[in-house]
Amino acid sequence: MSIRLYIPIDSTALSLGAERVARAIAEEAARRGIDLGIVRNGSRGMFWLEPLIEVETVAGRVGYGPVTPADVAGLFDAGFLSGADHPLALGRVEAIPYLASQERLTFARVGVTDPLSLDDYRAHGGFAGLARAIGMSCAEVVQEVTDSGLRGRGGAAFPTGIKWNTVLAAAADRKYVVCNADEGDSGTFSDRMLMEGDPYCLIEGMAIAGLAVGATQGYIYLRSEYPHAFETLRAAIARARTAGCLGQDVMGSGRVFELEVRMGAGAYICGEETSMLESLEGKRGTVRAKPPLPAIAGLFGKPTVINNVMSLASVPTILARGAAFYRDYGMGRSRGTLPFQLAGNLRRTGLVEKAFGVTLRELLYDYGGGSASGRPIRAVQVGGPLGAYVPESQFDVPLDYEAYVAIGAMVGHGGLVAFDDRADMARMARYAMEFCAVESCGKCTPCRIGSTRGVEVIDRIVAGEQRGRNVALLNSLCDTMLNGSLCALGGMTPYPVQSALKHFPEDFGLVPDEDNKGA
Ligand SMILES: Cc1cc2nc3c(=O)[nH]c(=O)nc-3n(C[C@H](O)[C@H](O)[C@H](O)COP(=O)(O)O)c2cc1C
Ligand code: SF4
């Protein structure tokens with residue numbers, strides 16, 4: 001039997017040279033007459049170790065990393081194919097504390113299996129959720145999702161079961177499931193990792209959603225920056241259809257669910273659900289006024305379930321293991337787990353799936369290893385470009401949707417971008433306003449005009465022009481954006497701006513209690 005070796009094919013690993021390493025290993029093995037079975041897996045999410053090569057041994061999968069082509073001959077000489085010691089040896093990969101201490105439910109198979117192997121998927125529990133859903137009524141499946149406490153992972157944290165129930169109850173000749181895979185938030189990559197590392201998990205979640213609400217067609221709306229995910233999804237959908245897990249007779253149930261991937265053109269606003277629908281319909285991505293909700297009149301005017309990749313990929317576990325199993329993770333009204341994405345100035349960036357309730361301090365220091373620069377971490381932007389900057393004094397607040405709202409922040413998609421003490425938070429606030437101005441769909445005035453005026457006002461504050469008056473003006477502008485914008489792009493830009501102003505006034509040239517005084 002040939003020796004089995006795992007080399008990631010995930011975008012992160014590829015960008016760090018995994019393809020060259022794979023070629024070097026295959027060539028070296030051929031030169032030495034060694035028969036190797038190379039599996040191209042997803043990434044385990046420990047990016048500082050990529051490309052992370054794993055060898056299957058009697059003691060389990062042993063890792064080496066980060067491997068460069070120059071290391072390959074030495075690894076063979078040292079006997080890495082039997083798990084021998086080497087300066088790059090990491091021991092048993094699943095025993096590495098970063099991975100071993102996680103609670104991987106959604107990411108249970110990512111990095112473990114061959115992403116396109118249906119046999120691997122089934123061998124690791126895949127399609128058990130869909131099989132159970134087929135034996136249940138639509139209402140029972142929706143109830144199971146409701147009972148799990150799952151809330152939308154794309155940002156707004158709306159209860160998934162309630163959304164599905166609205167679509168189920170809507171009478172129509174055709175219904176849709178749309179997966180929001182636009183993943184435009186800064187510091188987020190969990191959707192991509194899941195789609196590249198375990199595409200059948202998303203496919204299964206969408207098929208369950210389709211059966212649950214009576215939708216016969218699904219679309220995955222993917223961002224154009226994800227060409228690898230696009231290819232993986234297309235190949236996985238074709239194989240799932242051939243195997244009868246999708247199509248005109250889903251797993252012999254007599255029920256129909258077809259699925260397609262559509263590529264967006266790369267605008268942040270196309271992640272907003274109604275803009276996404278416009279884009280999917282072939283139009284320019286601008287926000288639709290609500291009501292009607294997409295659950296009532298969505299894609300082509302039909303009832304549509306719109307969920308984020310992580311929400312849909314959580315569903316197979318919920319159906320396979322039961323609502324109570326999933327609900328047992330988490331705290332308060334934030335149930336289950338969230339794949340946190342560690343980015344920015346950190347020593348160990350990557351993906352950490354944990355139950356809600358973990359703190360920023362644990363994620364930044366226990367997992368992230370502190371800042372890459374070795375300097376104190378001053379602020380973390382949580383939840384994407386519209387998320388607040390959380391200061392060090394709040395690093396112990398548990399990551400829970402409500403606890404974060406209480407401190408004027410948001411958990412959002414679980415992306416964390418860390419900054420050390422050299423970051424200029426006034427510049428970051430300006431950047432947030434500028435981002436809104438650039439990405440605005442232009443439909444409403446507070447966002448379209450307000451963001452441009454916001455940049456100017458911040459410039460005046462930093463330049464020391466009538467500071468008190470301009471701070472009052474900035475706050476008033478933020479208030480108008482918050483309350484007068486049609487969607488959360490304009491409505492949430494005040495979060496990063498005002499959090500920077502509140503927690504880091506000195507960067508604007510203000511003393512801590514000066515922000516509301518006149519000039
Ligand atoms: C400006 C803007 C950008 C958004 N971008 C995304 C995105 O990239 N991915 C996503 O899933 N949701 C995004 N959302 C949230 C979606 O509008 C929507 O709430 C979500 O896809 C619903 O799925 P969920 O309930 O599973 O979270 C965005 C919202 C706004 C206002
Ligand atoms: S808030 Fe901005 S992005 Fe949203 S609808 Fe208004 S103009 Fe468009």
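**Ligand 1 and its surroundings**

An oxygen atom of ligand 1 lies 2.8 Å from a side-chain N or O atom of Lys163, a polar contact (a pair of N or O atoms within 3.5 Å). This is a predicted model, where local features need pLDDT of at least 70, side-chain atom pairs count only at pLDDT 80 or more, and totals for chains, interfaces and linings use all residues. Residues are numbered from 1 along each chain as its sequence is written, chains are lettered from A and ligands numbered from 1 in written order, and side-chain values use heavy atoms, leaving out hydrogens and water.

**Exercise 1.** Find backbone partners of ligand 1.

*Solution.* Start with oxygen: one such atom of the ligand is 3.2 Å from a polar backbone atom of Gly184. Now try nitrogen: a ligand nitrogen is 3.3 Å from a backbone N or O atom of Gly271. As for cover, ligand 1 alone exposes 610 Å², and the protein buries 91% of that (Shrake-Rupley method, 1.4 Å probe).

**Exercise 2.** Describe the shell around ligand 1.

*Solution.* First, grab the count: 19 residues surround the ligand, and Gly154, Lys163, Asn307, Asn308 and Ser311 come nearest (a residue is near if one of its heavy atoms lies within 4 Å). Next, sort the shell by class: five nonpolar, eight polar and six charged residues. Here Gly counts as polar, while Asp, Glu, Lys and Arg count as charged. Finally, look at β9 (304-308) and α21 (488-492): each supplies at least two shell residues. β9 gives the most, three residues (strands are DSSP E runs of at least two residues, helices H or I runs of at least four).

Note on methods
A polar contact is a pair of N or O atoms within 3.5 Å; within protein, one must be able to donate a hydrogen and the other to accept it, and residues adjacent in sequence count only if both atoms are side-chain atoms.
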